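Hello,

Here is the structure I promised to pass on to you. Have a look at it first, and my notes follow below.

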Amino acid sequence: MDVNLYNTLTRQKEKFEPVKTGEVSMYTCGPTVYNYAHIGNLRTYIFEDVLKRVLLRSGYTINHVENVTDVGHLVGDGSSGEDKIEKSSREQKKTAVEIVDFFTKAYLRDSERLNIIPPNILAKASLHISEQVEMIRTLEEKGFTYKTNDGIYFDTSKLPDYGKLAGLNIEGLKEGARIEANQQRKNPTDFALWKFSPKEPPKRQMEWESPWGIGFPGWHIECSAMSIKYLGDLFDIHCGGVDFIPLHHTNEIAQNEATFGHKTVNYWLHGEFLMIDGGKMSKSLNNIFTLADLKKKDISPTAFRYFCLNAHYRQPLNFTWQAIGQAKDSLDNLINHTAETILESQAGQKVEKKNDDEPAVYLAKFDESIYNDLNMPQALAVMWEVMKSPSINPARKLTLATDFDTVFGLDLIRLARMRTKIDSETKKIACERIEARKNKDWEKADKLRLEIEKSGHIVIDRHDSQFVFKNSDSKRAPHRK
C-alpha cells in the first residue's frame, strides 16, 4: 500500500516516493538544550517517531539525522537577543558546556521514556562549525550575503521565491517591519548566518574564529549544513513543529537553494501545536509542563504518548488534566484487555463464533489509516475494535496487537504481560476460588473475588475459566493473614 503524506511545501497529500528505492533519508529538528523539553516539544517528537515507525513498517530502511542546537539559537528565535545557551548558563551559574551536557542527557532520557526510536545520527551544532562556515563562504561567493555591524546576513531579496514554504506576504512584512538599528539589515526578512561576538561583557563562552571575525553561527545555518553533510543535497523528508514554518524552515530552504540552485528536500512535514486549556503554552503564563510534572500527577510517559495518538498530528491538541486523565484510563483499559487476551491465549481459549476473514479486514483498515497521512486516531479505533471483537481467537488478537503496536510504540504487550504476573498469595486465593466455583459455593467465590480485587487485581470469568491479572498501578491492599 502506498504511503501518502501531507507536504507543507505543496499544501497537499502526496504519494511518498523516496530518492533511493527502499531507503528514506530523514532530518528532524531536535531540541535547543538550554532547558527541559516541554510536552509541546515532545508532541512533535512523538509525531516524528510515528512517521518513522510507519515507514519502517512499510518496509523502508531509514537514515535518520536529528540535530541538537547547542549554540546560535537566540531568545528572539531570529537574529536578535541573547543566545539561549549563554543566557541559561548565566542564570544557572554553570558553564555553557555543563548546561548543554545536562539538558541533552535529560532530552535523551525523555525520549527513551516515550519509547522514541533514537536517530541514526545525533548531530550537535557546535561540532559542525567548519561545515557551517564553509556553507556561508559558498553563499558569500554567490552573492547572497552582506556584512553589518553585528554579523553576516543572508539577503532574502536575492531569492525570488523566498517564503514559499510559509506563503509569506513579503511586501506586507516590509510595510509593517521594524528593524533594530544596531543590525543594519537591508530587508526585514534577512537573517543572520554568522554573528560577531559582542565586545561588551559578559564574554561569550561559545565562539570561534571565522573568515569574518570571532563569533558564532546563526540558528538556521546549522540545520542546512548538517542535513546536507549527512543526507546529501537532495533528501526525502524534513520535519519539525508548525512554529518552524515561517522562520527556521523558510530560512533553511533559502540557504539550501541559494547554495545548490535546486530543491534539496522533497517532503516537508510539520506537527501542530499542543494547546493548554485552549490557549498557547507560555512561560509567562506558567503553563509549560514537562514529563516530570506529569509524573507528579501520576501520568506516565506512555499515557502521554497515548494521549498524543488520539489527535491527528496536523490538528491542534488541547491539553487539560481531565483529558490526560481520560487518556490514562483508556490506556489502562487497553492494557487490561491485552492482559486478558494473553491469559486467554495461554489457556487455549476458543471463540464460539469464529470469523476467519475478520483479522484480514481489520489489518486492511489499520493499513489504510496509517498510510493515509498517519491517521492515528482512526488506527487506534481499529485496535479497539480488534480487542473487543468476540469472534477473533485470542492468539490472533495478540498477533494483530503486536503488529499494530510497532506503529503506536506503546510497548503494549510487555506492559500487559507484567500485569499477568501475579504473586503466589494471589494465585493461592485464585485457586481456592476456582474450587469454590466448581463446588457451586457461590458465596465463598464472591468473597474470594472481593479479596482478590481489594489486593489490586481484576477477575474475569469465562465459562469454566477464570483469569486474574493486576489492575493498573493501583495501590494493593494487604492479603489476609
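Let me start with the pocket. Please keep in mind that this is a predicted model. The largest pocket in it has a volume of about 1,300 Å³. Its lining is made up of 42 residues, and those nearest the centre are Y34, H38, N41, K84 and D243. If you want to find the pocket by secondary structure, look at α1, α2, α6, α7 (245–260) and β12 (274–276), the elements that give two or more residues to its lining. Helix α2 provides the largest share, with five residues. As for the chemistry, the lining of this pocket counts 17 nonpolar, 17 polar and eight charged residues.

Next, the sheet. Five strands form an open sheet with parallel pairing, in the order β5-β4-β3-β10-β11. At its edges are β5 (121–124) and β11 (265–271), each of which pairs on one side only. On average, neighbouring strands here are turned by 20 degrees against each other, direction ignored. You may like to look at one pair in detail: β4 (residues 61–68) and β5 run parallel and are joined by four bridges. Within that pairing, V68 has K124 in β5 as its bridge partner.

Two of the pocket-lining helices, α1 and α6, also lie across strands of this sheet. Helix α1 (residues 39–57) lies across β3 (23–28), β4, β10 (235–241) and β11, and runs at about 150 degrees to β10. Helix α6 (residues 219–231) lies across β3, β4, β5 and β10, and its angle to β4 is about 150 degrees.

That leaves α2, the helix with the largest share of the pocket lining, and its contact with α3. How do these two helices cross? The axes of α2 (residues 84–92) and α3 (residues 96–113) come within 8 Å and cross at roughly 100 degrees. Angles of 65 to 115 degrees count as roughly perpendicular, so α2 and α3 are roughly perpendicular to each other. On the α2 side, the residues in this contact are I85, S88, S89 and Q92, and they meet A96, I99, V100 and F103 of α3. By class, that contact has five nonpolar, three polar and no charged residues.

When you open the model, you could begin at K84, one of the residues nearest the pocket centre, and then follow α2 (residues 84–92) along to where it crosses α3.

Best wishes

Note on methods
Residues are numbered from 1 along each chain as its sequence is written. This is a predicted model: local features need pLDDT of at least 70, side-chain atom pairs count only at pLDDT 80 or more; totals for chains, interfaces and linings use all residues. Side-chain values use heavy atoms; hydrogens and water are left out. Two strands pair if DSSP finds at least two bridges between them. Axes are lines fitted to C-alpha atoms, for helices over the stretch in contact, and angles run from 0 to 180 degrees between N-to-C directions. Contact means heavy atoms within 4.5 Å. Angles under 35 degrees count as roughly parallel, over 145 as roughly antiparallel, 65 to 115 as roughly perpendicular and the rest as oblique. Ala, Val, Leu, Ile, Met, Phe, Trp, Tyr, Cys and Pro count as nonpolar, Asp, Glu, Lys and Arg as charged, and the others, Gly among them, as polar. On a 1 Å grid over the protein atoms alone, a cavity is a set of points where a 1.4 Å probe fits but cannot get out, and a pocket is an open set with protein on both sides within 12 Å along at least five of seven lines; lining residues have an atom within 4 Å of a point. Grid points are joined across faces, edges and corners, and a volume is the space filled by probe spheres set on the points.
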